[in-house]
Amino acid sequence: MSTTARGWITWVLPSLTVLIVLLFWQLITVTQVVSPSEFPTMTDSVGALWAEVTSARLWSAVGATLIGWVIGMSITIALGLIVGTALAFSDFAQRSAAPVIEIFKAIPAIAILPIVILVAGSSLPMKVFLICFAAFWPFVIQVIYGVRSMDPIVLDTAKALGVGGVRRFFTVVIPSASPYLVTGMRIASAQALILAVVAEIVGGAEGIGRNILLAQNAGTSAYPTMYAYILVAGLLGITLTGAFFLMERRVMHWHESQRNIRASNKVAGA
């Protein structure tokens with residue numbers, strides 16, 4: 001495939017698709033296929049987004065959402081590594097904990113929101129708890145799979161060389177399980193952002209979600225602002241997902257999966 005064709009597929013085609021979607025949005029609102037009182041025009045929403053970008057209100061909301069996300073993800077990753085590794089090294093513990101993990105994994109985090117609000121109120125701890133509850137289970141499962149997939153020869157070699165305890169955990173276990181861990185973090189990241197925004201909308205904690213709710217309650221004239229904040233939530237999700245993909249490529253550059261991807265790209269570019 002030529003360089004021009006690759007550039008077209010990589011950059012031009014996605015940009016063209018986004019432009020078509022925006023024009024379609026403008027068309028169905030201007031022609032009133034959808035009522036403008038319920039769904040503002042694309043130009044009004046983009047104008048409201050620009051007005052918010054130049055105000056401190058948007059950045060304060062983005063900061064509040066990111067703080068909850070960062071704290072929740074940090075707790076999830078720390079707990080997930082400890083619990084998942086402990087379960088992976090013990091068949092008895094894993095079989096005992098499996099039903100508990102399956103039950104809690106099946107409970108939607110939004111279902112426990114009333115209880116969490118009663119206990120913690122509309123606060124940052126409420127948001128962080130919901131994020132941890134939603135993100136912990138998929139991540140801990142990835143940790144278990146990752147640690148159990150470790151080559152036993154590698155582990156035995158580390159033991160024979162006297163590498164034990166915390167040092168073995170960070171120099172042998174974590175690198176061996178890293179493909180699963182990175183995938184788990186990416187899944188948990190998406191879950192964490194969704195729950196952060198939901199907790200702000202339903203629970204009233206500060207952040208992007210609460211600004212969406214406030215704009216909705218302000219009446220139809222503020223609907224462009226509401227859609228502007230929805231766009232901000234989507235852009236934040238794309239940014240975080242992209243950051244995890246870049247981190248995966250950089251941190252996992254030595255792994256077979258990344259080497260295969262680079263080899264495939266070279267073949268495609270030949």
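Contact, throughout this tour, means heavy atoms within 4.5 Å of one another. This is a predicted model, in which local features need pLDDT of at least 70 and side-chain atom pairs count only at pLDDT 80 or more, while totals for chains, interfaces and linings use all residues. Residues are numbered from 1 along each chain as its sequence is written, and side-chain values use heavy atoms, with hydrogens and water left out.

Begin with the whole protein chain, whose C-alpha atoms fill a box of roughly 70 × 60 × 30 Å along the principal axes. Coloured by secondary structure, the chain shows eleven helices and zero strands, these being DSSP runs numbered from the N terminus (H or I of at least four residues for helices, E of at least two for strands). Of the contacts with a separation of 6 or more, 72% join residues 24 or more positions apart. Buried residues, those under 20% relative accessible area with a 1.4 Å probe on protein chains only, make up 38% of the 270 residues.

Next, select Trp69, Ile101, Met126, Leu130 and Ile208, which touch the most other members of the largest nonpolar core, a set of 60 residues. Such a core consists of buried Ala, Val, Leu, Ile, Met, Phe, Trp, Tyr and Cys residues joined through side-chain atoms within 4.5 Å. Helix 6 (residues 124-148) gives the most to this core, with 14 residues. Centre on Met126 and, leaving aside neighbours within four places in sequence, its contacts include Leu113, Ile117, Ala199 and Gly203.

Now show helix 3 (residues 56-88) together with helix 6: their axes, lines fitted to C-alpha atoms over the stretch in contact, come within 6 Å and cross at roughly 35°, on a scale from 0 to 180 degrees between N-to-C directions.

Keep helix 3 and add helix 8 (residues 165-203), where the axes come within 8 Å and cross at roughly 140°. Helix 3 is therefore oblique to helix 8, since angles under 35 degrees count as roughly parallel, over 145 as roughly antiparallel, 65 to 115 as roughly perpendicular and the rest as oblique. Side chains to display at this contact include Thr65, Trp69 and Met73 of helix 3, and Phe169, Leu181 and Glu200 of helix 8.

Finally, move to Gln32, in the loop between helix 1 (3-30) and helix 2 (42-53). Phi of Gln32 is near 60°, a positive value in a residue other than glycine. Is Gln32 buried or exposed? At 58% relative accessibility, Gln32 counts as exposed, because the cut-off for that class is over 50%, with partly exposed lying between buried and exposed.
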